[in-house]
Amino acid sequence: MEVERSIADLVSLVCSSTDTPLARVWLNGPGDICSECPMRPECPDRTRCLHLVASAGVTRRTDGPFRRFPLGPRQVGGVAVTRGPCVLREGIAEAGIAEPAWLATHRIRSFAALPIELGERCLGVLAVFSRREIAAADRTLLE
């Protein structure tokens, strides 16, 4: 419980420091809701996936269609596998990271996902949705 609170505090800090409407953290965990997961058809291995544990900004909800991401597919899942950052400035609505209507409503212009690492392990992914173009300084701050 203390770890989840610390992560929630970190995500809130990211939102306030980068002036973004939404920041989220998914942590690597066991495949647990495979039978009801909307991303099941894309999941290459149902033993592990990313679990949404913290959300700050316009929503603090950690349920919904993006509460799990398979390891590998889409940008969030890809970051967990490659352990390399992903920054999108174009094609965000087509990337499958959020509902296109939500992106339009909140005027999202860029997206960044970065791995959360400990040694050789990827513990999870930090994602930020921004109303402006994410600059190199923002990425440095996030890293």
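The largest cavity here has a volume of about 100 Å³. Keep in mind that this is a predicted model. In total, the structure holds two cavities of 30 Å³ or more.

Who lines the largest one? Its lining counts 15 residues, and the closest to its centre are Cys34, Cys37, Cys43, Cys49 and Arg68. By element, β2 and β3 are the ones that give two or more residues to this lining. The largest share comes from β3, with three residues.

Those cysteines raise the next point. How many disulfides does the structure hold? Zero. Take Cys37. Its closest cysteine sulfur belongs to Cys49, and the distance is 6.6 Å, so that is too far for a bond. The cut-off for a disulfide is 2.5 Å between the sulfur atoms. Is Cys37 buried or exposed? Buried, because its relative accessibility is 15%, and the limit for buried is under 20%.

Now Cys122. No disulfide there either: the nearest cysteine sulfur, again that of Cys49, is 13 Å away. Cys122 is buried as well, at a relative accessible area of 12%.

Next, Arg67. You will find Arg67 in the loop between β2 and β3, where β3 spans 68-70. Which side chain does Arg67 join through a polar contact of 2.9 Å? That of Glu36. Beyond its neighbours within four places in sequence, Arg67 also touches others. Its contacts are Trp26, Ile33, Glu36, Leu50, His51, Leu52 and Thr62.

On to the nonpolar cores. The largest has 26 residues. Phe111 and Phe129 have the most contacts inside it. Which elements give two or more residues to this core? There are strands β1 (22-30), β2 (48-57), β4 (86-88), β5 (110-118) and β6 (121-130), plus helix α2 (74-82). The biggest contributor is β6, with four residues.

Let me stay with Phe129 for a moment. Set aside its neighbours within four places in sequence. Phe129 is then in contact with Thr20, Pro21, Leu22, Ile97, Ala98, Trp102, Leu103, Ile108, Ser110 and Phe111. So Phe111 and Phe129, the two with the most contacts inside the core, are also in contact with each other.

There is another core, apart from this one. It has 14 residues. Ala54, Ala112, Val128 and Leu142 are among them.

To recap. The largest cavity has Cys34, Cys37, Cys43, Cys49 and Arg68 closest to its centre. The structure holds zero disulfides. Arg67 and Glu36 are joined by their side chains. And the largest nonpolar core takes its greatest contribution from β6.

Methods. Residues numbered from 1 in each chain as written. Predicted model: local features only at pLDDT ≥ 70, side-chain atom pairs only at ≥ 80, totals over all residues. Heavy atoms only, no water. Core = buried A, V, L, I, M, F, W, Y, C linked by side-chain atoms within 4.5 Å. Buried < 20%, exposed > 50% of the residue type's maximum accessible area, 1.4 Å probe, protein only. Contact = heavy atoms within 4.5 Å. Polar contact = N/O pair within 3.5 Å; in protein donor to acceptor, adjacent residues only side chain to side chain. 1 Å grid on protein atoms, 1.4 Å probe; cavity = no way out; pocket = protein on both sides within 12 Å on 5 of 7 lines; lining within 4 Å. Points joined across faces, edges and corners; volume = space filled by probe spheres on them.
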